[in-house]
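Hello,

Here is the structure I promised to pass on. Please have a look at it first; my notes follow below.

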Amino acid sequence: MSRASWSATSACALGPLLVGLLHDVSGGWTLPLLFLLAVALAAAIPATTLARPAFVEDELVGAAP
């Protein structure tokens, strides 16, 4: 397994653990759900940028000799 694969696996494994710890510490679901909302919003920002429709040909127009 590559280093990047281990990093992604550990990040995925820590998410549920962190939500469970937040639930235990706060005694309810408000704090864990706010955390999940913040993570989703943080992921939505680069996702909207990366999901823009674009074509390689449009980027190469100025680079052609």
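Along the sequence, the pattern reads α-α-α. There are three helices and zero strands in the protein. Please keep in mind that this is a predicted model.

Confidence comes next. The mean pLDDT of the protein is 84. A score of at least 70 is reached by 88% of the residues. Among the elements, α2 has the highest mean pLDDT, at 92. Helix α3 (residues 56-60) has the lowest, at 72.

Now the surface. Of the 65 residues in the protein, buried ones make up 5%. The exposed area comes to about 5600 Å². Carbon and sulfur atoms supply 73% of that area.

One spot on the surface to look at is a nonpolar patch. L14, L17 and L21 form this patch. Together they have about 290 Å² of accessible area. L21 belongs to helix α1, which covers residues 3-26. Is L21 buried, partly exposed or exposed? L21 counts as partly exposed because its relative accessibility is 45%, which falls between the 20% limit for buried and the 50% limit for exposed.

On to helix α2. This helix covers residues 30-50, 21 residues in total. From first C-alpha to last, α2 reaches 31 Å. That is close to the 30 Å expected at 1.5 Å a residue. Where does α2 bend? The bend is at A44, and is about 25°. A proline, P46, follows within four residues of A44.

L36 is another residue to find in α2. Its relative accessibility is 40%, so L36 counts as partly exposed. L36 and G15 are 21 residues apart along the chain. Their C-alpha atoms are separated by 9.2 Å.

That is what I have for now.

Best wishes

Definitions and conventions
Residues are numbered from 1 along each chain as its sequence is written. This is a predicted model: local features need pLDDT of at least 70, side-chain atom pairs count only at pLDDT 80 or more; totals for chains, interfaces and linings use all residues. Side-chain values use heavy atoms; hydrogens and water are left out. Helices (H or I, at least four residues) and strands (E, at least two) are DSSP runs, numbered from the N terminus. Buried means under 20% relative accessible area, exposed over 50%, partly exposed in between (1.4 Å probe, protein chains only). Accessible areas come from the Shrake-Rupley method with a 1.4 Å probe; for residues, only the protein chains shown count as cover. Patches are made of residues with over 30% relative accessible area and no salt bridge: like charges are joined within 9 Å, nonpolar side chains (Val, Leu, Ile, Met, Phe, Trp, Tyr) within 5 Å. A salt bridge is a side-chain nitrogen of Lys or Arg within 4 Å of a carboxyl oxygen of Asp or Glu. The expected span of a helix is 1.5 Å times one less than its number of residues. The bend at a residue is the angle between axes fitted to the seven residues ending there and the seven starting there. pLDDT is the predictor's confidence in each residue, from 0 to 100.
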